[in-house]
Amino acid sequence: MAQESVTNARRHARRATRVVVRVARDAEVVRLRVSDDGEVPSPRGFGPTGFGLIGMRERAHLLGGSVDAGPDVERGWTVTATLPCTVPA
């Protein structure tokens with residue numbers, strides 16, 4: 001998910017100057033956050049989420065986790081994922 005999020009940021013984040021990847025883990029979950037500082041398009045500029053985000057959400061769900069993605073308040077886009085450290089049976 002980190003690789004796909006970074007690829008998406010490089011491909012779609014207009015005028016971005018940075019992409020930040022953060023990973024944190026505790027005993028139960030791994031948390032991933034990928035954010036960029038690209039321009040946020042106007043609300044009309046948002047199209048369908050695309051198969052990339054749908055696929056990430058489906059893969060996370062299969063592992064018992066979740067993925068959220070969307071524009072930041074002022075600028076940029078963030079993808080967050082929470083995945084369990086153990087895969088459900």
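This is a dialogue on how to read the sheet, the core and the salt bridges of a predicted model.

Me: Let us begin with the strands; in which order do they form the open sheet?

Reply: Reading a sheet starts with the order of its strands and the sense of their pairing. Here four strands form an open sheet, and following it across one passes β1, β2, β4 and β3 in that order, with antiparallel pairing. The edges are formed by β1 and β3 (66-71), each of which pairs on one side only. On average, neighbouring strands of this sheet are turned by 10° against each other, if direction is ignored.

Me: Over how many bridges do β3 and β4 pair?

Reply: The antiparallel pairing of β3 and β4 extends over six bridges. Within the sheet, one can also look for residues that face each other, and D68 is found opposite T80 in β4.

Me: Which strands does α1 lie across?

Reply: For a helix against a sheet, one asks which strands lie along its path and at what angle. In this model α1 lies across β1, β2 and β4, and its direction makes an angle of about 10° with β2.

Me: Which residues make up the largest nonpolar core?

Reply: A core is read by listing its members and then tracing them back to the elements that supply them. The largest nonpolar core has eight residues, namely L32, V34, L53, M56, A60, V67, V79 and A81. At least two of these core residues come from each of β2 (29-36), α2 (50-62) and β4 (77-84), and α2 gives the most, with three residues.

Me: If I take V67 from that core, what is it in contact with beyond its neighbours within four places in sequence?

Reply: Once those neighbours are left aside, V67 is in contact with M1, M56, R57, A60, V79, T80 and A81. Among these contacts, M56, A60, V79 and A81 are also listed, like V67, as members of the largest nonpolar core.

Me: Turning to charged side chains, how many salt bridges are there?

Reply: Side chains of opposite charge can pair when their charged atoms come close. In this model the count comes to five salt bridges. One of them joins the side chains of E4 and R59, at 2.6 Å from N to O. This pair links distant parts of the chain, since E4 belongs to helix α1 (residues 2-12) and R59 to helix α2, 55 residues apart. Both partners are partly exposed, E4 with a relative accessible area of 26% and R59 at 38%.

Me: Which parts of the chain does the salt bridge between E39 and R15 tie together?

Reply: The closest N and O atoms of E39 and R15 are 3.0 Å apart. Because E39 lies in the loop between β2 and α2, and R15 in the loop between α1 and β1 (19-25), the pair ties together parts that are 24 residues apart in sequence. E39 counts as partly exposed at 26% relative accessibility, whereas R15 is exposed, with a relative accessible area of 59%.

Me: And is D37, the partner of R18, buried or exposed?

Reply: D37 counts as buried, at 12% relative accessibility, while R18 is partly exposed, with a relative accessible area of 43%. Their side chains meet in a salt bridge at 4.0 Å, N to O. D37 lies in the loop between β2 and α2 and R18 in the loop between α1 and β1, so this pair ties together parts that are 19 residues apart in sequence.

Me: Which residues do salt bridges with shared partners join into one network?

Reply: Tracing shared partners gives one network that joins R14, R15 and E39.

Definitions and conventions:
Residues are numbered from 1 along each chain as its sequence is written. This is a predicted model: local features need pLDDT of at least 70, side-chain atom pairs count only at pLDDT 80 or more; totals for chains, interfaces and linings use all residues. Side-chain values use heavy atoms; hydrogens and water are left out. A nonpolar core is a set of buried Ala, Val, Leu, Ile, Met, Phe, Trp, Tyr and Cys residues joined through side-chain atoms within 4.5 Å. Buried means under 20% relative accessible area, exposed over 50%, partly exposed in between (1.4 Å probe, protein chains only). Helices (H or I, at least four residues) and strands (E, at least two) are DSSP runs, numbered from the N terminus. Contact means heavy atoms within 4.5 Å. Two strands pair if DSSP finds at least two bridges between them. Axes are lines fitted to C-alpha atoms, for helices over the stretch in contact, and angles run from 0 to 180 degrees between N-to-C directions.
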